[in-house]
Amino acid sequence: LDNLIDILIQCVHVPSVTGQTLLVSDGDDLSTPELVGIMGLALGKSPRLFPFPVHLLRSAGKLAGKNEEMSRLLDSLQINSEPSFQLLNWKPKYSITQGIQNIVESK
């Protein structure tokens, strides 16, 4: 959230981005289990994750006619934020871990 606010403020100060679509991220590519683990640590809880064969989830999705939904759930989504970072002369101020910790502490 802190990085989002910071980059939106930066966009206001860089008029050349008007009308452009910018892809931005915190700069870290995380798996869902990694993200859940970071959230658990920030909340002072141990996440209860267990391994489950992905091919079984895909098969269940196929049987249920939910191939597309399972693909969105199970496949990786990565974006290249570097062009936006260069255009705005910006880098994330906070890591994902710091950002999640800040959110938890503000509650």
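**Group meeting: pockets and core of a predicted model**

In this chain, confidence is lowest in helix H4, with a mean of 89, and highest in helix H3, at 94. Those values are pLDDT, since what we have here is a predicted model. Over the chain the average pLDDT is 90, and 100% of the residues score at least 70.

I will take the pockets, then the core, then one acidic residue.

The largest pocket holds about 780 Å³ of space. Three helices each give two or more residues to its lining: H2, residues 32-43, H3, residues 54-63, and H4, residues 67-74. So both ends of the confidence range I opened with, H4 and H3, belong to helices that line this pocket. The lining has 25 residues in total, and the ones nearest the centre are Leu 30, Ser 31, Thr 32, Pro 33 and Leu 73. What is the make-up of the lining by class? There are 15 nonpolar residues, five polar and five charged.

Next, the second largest pocket. Its volume is about 220 Å³. The lining comes to 15 residues, with Asp 26, Leu 30, Leu 35, Ile 96 and Ile 100 closest to the centre. Leu 30 is therefore a name you have heard already: it is also among the residues nearest the centre of the largest pocket. Which helices supply at least two residues of this second lining? They are H1, residues 2-12, H2, and H6, residues 96-106. H6 provides the largest share, four residues. H2 also contributes to the lining of the largest pocket. By class, the second lining divides into eight nonpolar residues, four polar and three charged.

Now the core. The largest nonpolar core consists of six residues: Ile 7, Val 14, Val 17, Phe 85, Leu 88 and Trp 90. Take Val 17 as one of them. Leaving aside residues up to four places away in sequence, Val 17 touches Cys 11, Leu 22, Leu 87 and Leu 88. Leu 88 is itself a member of the core.

Last, Asp 6, which lies in helix H1. Is Asp 6 buried or exposed? It counts as buried, because its relative accessibility is 18% and the cut-off for buried is under 20%. With residues up to four places away in sequence again left out, Asp 6 touches Trp 90 and Lys 93. Trp 90 is a core residue, so this buried acid has a contact with the largest nonpolar core as well as with a lysine.

That is where I will stop.

Terms used
Residues are numbered from 1 along each chain as its sequence is written. This is a predicted model: local features need pLDDT of at least 70, side-chain atom pairs count only at pLDDT 80 or more; totals for chains, interfaces and linings use all residues. Side-chain values use heavy atoms; hydrogens and water are left out. A nonpolar core is a set of buried Ala, Val, Leu, Ile, Met, Phe, Trp, Tyr and Cys residues joined through side-chain atoms within 4.5 Å. Buried means under 20% relative accessible area, exposed over 50%, partly exposed in between (1.4 Å probe, protein chains only). Contact means heavy atoms within 4.5 Å. On a 1 Å grid over the protein atoms alone, a cavity is a set of points where a 1.4 Å probe fits but cannot get out, and a pocket is an open set with protein on both sides within 12 Å along at least five of seven lines; lining residues have an atom within 4 Å of a point. Grid points are joined across faces, edges and corners, and a volume is the space filled by probe spheres set on the points. Ala, Val, Leu, Ile, Met, Phe, Trp, Tyr, Cys and Pro count as nonpolar, Asp, Glu, Lys and Arg as charged, and the others, Gly among them, as polar. pLDDT is the predictor's confidence in each residue, from 0 to 100.
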